[in-house]
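Reader: I am new to reading structures. Could we go through this one term by term?

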Amino acid sequence: MSDKPEFNYDAPTVKYEVEEGIAYVTMARPEYNNAQNGKMTYELDAAFRKAVADDDVKVIVLRGEGKHFSAGHDIGTPGRDVHLPQERVTMWYDHSNKEGGEYLYVREAEAYLGMCRRWREIPKPTIAAVQGACIAGGLMLAWVCDLIVATDDAFFSDPVVRMGIPGVEYFAHPFELHPRIAKEFLFTGEKMSAERAYQMGMVNRISTRETLADDVKALAQKVGAMPRLGLALTKQAINHIEDLQGKRTGMDAVFAWHHFTHAHNDLVSGDKLGGYDAKAMARENKKED
């Protein structure tokens, strides 16, 4: 048995609603800044599959409830459930009873890299509505979307190099940013403002807290007016070009290096995250302010 505090697994971590042809998928752990645990990952996947199956849905919007879009992967809340077996949706086997490097490699191949690749290939346009923090694993959720609209106070960061890890599992950094900017982003772990992310081409449009919902809805309605098949094939075409440029194979290589680091950290310090939990990372991140 785990000695972790009790966590209510009956309470949903994702909300789903459809309005005027737009499916709104909302991360609903605002008390933990929408930190993504396993439960949320699989509930996101179920919501996306529901939206894809609904012919009345033309566009899917991913958003986060509360002050922040997402603080990233859950590495320290009472709902952290990395140790639990989960219903799997790819061809990977159960990770929870495995030892050594196999434990995290299998889990993250299924729930992080595998899930994100599934979501990137959703055959309907997806829009991320980002407010506040979009950190590490939160980047992965925004990056799998086709378009990103961010509030003017939003910021983006991937500080996991502090753990010795070369970026999050869905390593899209050199495609979302110019390679030299991607290096700066990772080397420093600094927060990138919405304005700079817009200048770099990572964000499509900048909004405000007050107008984000309306701006995203207007964009979704404009996109949704296009023919469904035309949108699906256009998305497929652009994703295909990215993969020809090395996005998928590069990501495979970095995922392996990512897990080499987990194993190295475990051998050196006894902790796969190099001694950092959510509170320690938050303290270090605040030093950047």
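Author: Start with the second largest pocket: helix H8 gives its lining the largest share, six residues. This is a predicted model, where local features need pLDDT of at least 70, side-chain atom pairs count only at pLDDT 80 or more, and totals for chains, interfaces and linings use all residues. Residues are numbered from 1 along each chain as its sequence is written, and side-chain values use heavy atoms, with hydrogens and water left out.

Reader: What makes a residue part of the lining of a pocket?

Author: A lining residue has an atom within 4 Å of a pocket point; on a 1 Å grid over the protein atoms alone, a pocket is an open set with protein on both sides within 12 Å along at least five of seven lines. In the second largest pocket, 25 residues qualify. Cys-145, Asp-146, Leu-147, Ile-238 and Asn-239 lie nearest its centre. The lining divides into 15 nonpolar, four polar and six charged residues.

Reader: Why is the pair Arg-49 and Asp-45 called a salt bridge?

Author: A salt bridge needs a side-chain nitrogen of Lys or Arg within 4 Å of a carboxyl oxygen of Asp or Glu. Here N to O is 3.0 Å, so the pair counts. The two residues are four apart in helix H1, which means about one helical turn separates them.

Reader: Which of the words buried, partly exposed or exposed fits Asp-45, and which fits Arg-49?

Author: Buried means under 20% relative accessible area, exposed over 50%, and partly exposed in between (1.4 Å probe, protein chains only). Asp-45 has 1%, so Asp-45 is buried. Arg-49 has 47%, so Arg-49 is partly exposed.

Reader: What are the burial classes of Arg-117 and Asp-252?

Author: Arg-117 has 13%, so Arg-117 is buried. Asp-252 has 38%, so Asp-252 is partly exposed. Their side chains meet in a salt bridge at 2.9 Å, N to O. This pair links distant parts of the chain: Arg-117 is in helix H2, Asp-252 in helix H9, 135 residues apart.

Reader: How do you know that the span of H2 agrees with its length?

Author: The expected span is 1.5 Å times one less than the number of residues. H2 has 21 residues, so the expected span is 30 Å. Its end C-alpha atoms are 30 Å apart, which agrees. Helices here are DSSP runs (H or I, at least four residues), numbered from the N terminus.

Reader: Why is H2 called mostly covered?

Author: Of its 21 residues, 16 are buried.

Key:
On a 1 Å grid over the protein atoms alone, a cavity is a set of points where a 1.4 Å probe fits but cannot get out, and a pocket is an open set with protein on both sides within 12 Å along at least five of seven lines; lining residues have an atom within 4 Å of a point. Ala, Val, Leu, Ile, Met, Phe, Trp, Tyr, Cys and Pro count as nonpolar, Asp, Glu, Lys and Arg as charged, and the others, Gly among them, as polar.
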